[in-house]
Amino acid sequence: MDKLPIVLDLTGTFVFALSGALAGTKRGLDLFGVMVLSFAAGNSGGITRDLLIGAVPPGAVGDWRYLGVSLVAGLVTFYFSSLIVRMSNAVLVFDAAGLALFAVAGSSKALSFGLNPVMATVLGMVTGIGGGIVRDVLLAEIPTVLRADLYAVAALAAAAIVVVGYLLQLPDALVTAVALASCFLLRVMAIKRGWRLPVAKGAQRSEPHI
Amino acid sequence: MDKLPIVLDLTGTFVFALSGALAGTKRGLDLFGVMVLSFAAGNSGGITRDLLIGAVPPGAVGDWRYLGVSLVAGLVTFYFSSLIVRMSNAVLVFDAAGLALFAVAGSSKALSFGLNPVMATVLGMVTGIGGGIVRDVLLAEIPTVLRADLYAVAALAAAAIVVVGYLLQLPDALVTAVALASCFLLRVMAIKRGWRLPVAKGAQRSEPHI
Amino acid sequence: MDKLPIVLDLTGTFVFALSGALAGTKRGLDLFGVMVLSFAAGNSGGITRDLLIGAVPPGAVGDWRYLGVSLVAGLVTFYFSSLIVRMSNAVLVFDAAGLALFAVAGSSKALSFGLNPVMATVLGMVTGIGGGIVRDVLLAEIPTVLRADLYAVAALAAAAIVVVGYLLQLPDALVTAVALASCFLLRVMAIKRGWRLPVAKGAQRSEPHI
């Protein structure tokens with residue numbers, strides 16, 4: 001039972017690493033570049049959170065299993081990218097699961113390091129979306145999450161539920177389950193129904209939704 | 001009187017967050033993306049400084065008011081961007097004030113954490129320009145500050161004055177006032193007169209001044 | 001003899017700063033922008049390593065000589081960029097030497113901070129390639145190292161040799177010499193012979209090798 005958190009964390013890392021590796025292969029990076037994108041997408045969110053709360057060295061640096069899982073995802077994508085592309089619907093669903101896992105784990109860890117409730121919620125979200133942001137910055141693109149369908153909002157919802165549950169001292173297992181389910185369902189519905197946040201009227205150009 | 005520093009810091013954060021939100025709405029980001037740009041532009045400089053000097057968690061992470069001020073700036077800009085654009089001259093002046101406040105606060109904090117004078121000056125400048133750099137990197141652009149009119153130099157001047165004043169043990173209030181005024185005036189004059197630093201002769205293309 | 005490590009480290013910083021300054025002058029940055037690129041290219045790798053292992057403030061922040069060396073490299077490049085361009089073969093060779101020095105120094109420091117062997121190897125590589133990545137991100141480009149000829153692999157080889165030598169308790173001087181020579185030769189051969197890593201078949205466009 002003690003091993004459940006790390007298993008969930010490594011699962012999330014794997015799924016996010018897949019997204020990084022896919023983006024890298026599409027841009028024509030070489031094998032090493034794809035590995036870097038895998039690791040960055042899978043671990044940047046957690047590393048950023050750990051640096052900000054003072055958990056040094058960050059989990060993904062002190063424990064080699066995060067690297068191992070990321071490299072496996074990168075290798076699979078590099079050599080079987082057509083397979084991963086064909087499974088892209090499944091990857092999206094796994095990605096929603098990874099987002100939920102990271103947001104819950106991130107806000108819990110921030111609370112346990114004594115952060116106030118508001119910033120613990122924010123750091124839960126950062127844990128969920130940080131990997132995708134670094135992946136896109138490395139590819140010299142505006143991060144998808146800054147203009148996409150409720151991605152960050154789903155992470156924020158999960159993190160907020162964890163923090164509220166902590167403040168109300170509700171049972172951990174229940175809170176975790178509700179938070180995971182909320183994020184996952186919100187994200188899946190956003191994909192299916194095309195739910196989006198409003199865009200400012202002042203926008204000079206309407207770029208296509210990536 | 002004890003509350004003055006935090007008031008100045010939050011004022012600087014608000015003004016810089018406005019610049020981030022404006023840049024985000026212009027690029028067609030959604031509501032969440034604009035909020036991220038607000039927070040990043042308002043707080044990345046201070047967060048970077050705090051990570052580098054070992055002040056963990058950084059002020060903007062441990063204290064939720066920085067987030068609050070950033071989100072207000074983001075919301076105002078998102079819903080009233082035409083108003084902010086019309087007030088752009090006022091925003092530029094506030095931005096010069098924010099730069100002065102951040103450079104002074106940043107170098108003071110670095111000195112109080114025991115950094116040597118040279119690097120305390122540099123960290124004062126980083127506090128002032130870090131937010132704008134992260135804002136532009138997130139928008140996949142070369143940071144404006146790397147090719148703009150005396151922006152960083154004004155921050156550097158303020159930080160250097162603080163550090164020299166500290167070394168000579170001059171009265172704090174006087175040093176702070178001179179540093180703030182120097183940065184502010186230098187920046188305002190640079191905008192009005194179009195003062196710029198030289199550009200290398202070897203440049204392959206002359207990009208327009210943004 | 002005690003001063004050898006810092007001399008090697010500053011030499012590597014100087015060479016990497018040259019690469020950053022050259023890239024900045026080519027893009028038409030102003031004098032300050034070129035200085036920032038110099039410092040970022042010369043020191044981001046080491047700063048990232050130090051933040052991740054908890055060595056705060058990082059060497060390049062606590063010791064002003066790293067800044068000094070970076071600025072000298074930036075000034076030389078800014079005012080004599082045609083000279084640096086003409087010497088570009090020499091610069092490439094120095095860069096290979098800098099990469100070797102940084103990878104060896106980085107993995108040694110990570111080991112001395114108690115990291116496990118796998119991640120110490122990775123951090124050695126990060127020390128070597130981090131500066132170039134930040135340089136390219138600041139210029140809004142996909143980092144060259146993610147698609148170039150065995151650059152990161154050479155750094156990885158040096159770091160791995162240091163770590164293996166440490167585990168086997170081989171004499172330091174021997175291990176360091178072998179690691180430096182391996183990285184340097186691998187990198188020089190990769191340039192001369194055009195050795196590259198494979199690129200994924202799924203790549204949508206084949207961008208030119210920069």
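Here are a few exercises on this predicted model, each with a worked solution.

**Exercise 1. Confidence in chain A**

Find what pLDDT chain A averages, and where in chain A it stays under 50.

*Solution.* Start with the whole chain: chain A averages a pLDDT of 87. Next, look at how the scores spread, and you get 92% of the residues at 70 or above. Now look for the weak spot. Over residues 204-210 of chain A, pLDDT stays under 50. For that stretch the model has 13 contacts beyond four places in sequence.

**Exercise 2. Two helices in chain C**

Work out how helix H2 and helix H4 of chain C pack, and which residues of theirs meet.

*Solution.* First, locate the helices: H2(C) runs over residues 31-53 and H4(C) over residues 64-79. Their axes lie 8 Å apart, and the packing angle is about 130°. Angles that are neither under 35 nor over 145 degrees, nor between 65 and 115, count as oblique, so H2(C) is oblique to H4(C). The hand of this crossing is right-handed.

Then go to the residues. From H2(C) come Leu31(C), Val34(C), Met35(C), Ser38(C), Phe39(C) and Asn43(C). They meet a set in H4(C) that includes Tyr66(C), Leu67(C), Leu71(C) and Phe78(C). Sort the contact by class and you find 10 nonpolar residues, four polar ones and no charged ones.

**Exercise 3. The matching pair in chain B**

Describe the crossing of H2(B) and H4(B), and say which residues make the contact.

*Solution.* Begin with the geometry: the axes come within 8 Å and cross at roughly 130°. That angle makes H2(B) oblique to H4(B). As for the hand, the crossing of H2(B) and H4(B) is right-handed. On the H2(B) side, the contact residues include Met35(B) and Phe39(B), while Gly74(B) and Leu75(B) are among those of H4(B). The class count for this contact is 10 nonpolar, four polar and no charged.

**Exercise 4. How the copies are related**

Find the rotation that superposes chain C on chain A, and the one that lays chain B on chain C.

*Solution.* A general point helps here: two copies of a chain are related by a rotation about an axis and a shift along it. To put chain C on chain A, turn by 120° with 0.0 Å of shift along the axis; the RMSD is 0.0 Å. This is the relation of a three-fold axis. Ala140(C) is the residue of chain C that comes closest to the rotation axis, with its C-alpha at 3.1 Å.

Now take chain B onto chain C: a turn of 120° and a shift of 0.0 Å do it, with an RMSD of 0.0 Å. In chain B the residue closest to the axis is Ala140(B), again by C-alpha, at 3.1 Å. Finally, check the surfaces. Only 9% of the interface residues of chain B are also interface residues in chain C, so the copies meet through different surfaces.

**Exercise 5. Unusual backbone spots**

Locate the cis peptide bonds at Pro57(A) and Pro57(B), then the positive phi of Gln169(B).

*Solution.* Keep in mind that most residues other than glycine have a negative phi, and most peptide bonds are trans. In chain A, the bond from Val56(A) to Pro57(A) is cis, with omega near -5°. Pro57(A) sits in the loop between H2 (31-53) and H3 (59-62) of chain A. In chain B, Val56(B) and Pro57(B) are joined by a cis bond with omega about -5°, and Pro57(B) lies in the loop between H2 and H3 of chain B.

Last comes Gln169(B): it is not a glycine, yet its phi is positive, about 55°. You'll find Gln169(B) in the loop between H8 (151-167) and H9 (172-193) of chain B.

Notes:
Residues are numbered from 1 along each chain as its sequence is written. Chains are lettered from A and ligands numbered from 1 in the order in which they are written. This is a predicted model: local features need pLDDT of at least 70, side-chain atom pairs count only at pLDDT 80 or more; totals for chains, interfaces and linings use all residues. Side-chain values use heavy atoms; hydrogens and water are left out. pLDDT is the predictor's confidence in each residue, from 0 to 100. Contact means heavy atoms within 4.5 Å. Axes are lines fitted to C-alpha atoms, for helices over the stretch in contact, and angles run from 0 to 180 degrees between N-to-C directions. Helices (H or I, at least four residues) and strands (E, at least two) are DSSP runs, numbered from the N terminus. A crossing is left-handed if the near helix is turned anticlockwise from the far one by less than a right angle, and right-handed if clockwise. Ala, Val, Leu, Ile, Met, Phe, Trp, Tyr, Cys and Pro count as nonpolar, Asp, Glu, Lys and Arg as charged, and the others, Gly among them, as polar. Copies are superposed by least squares on the C-alpha atoms of residues with pLDDT of at least 70 in both.
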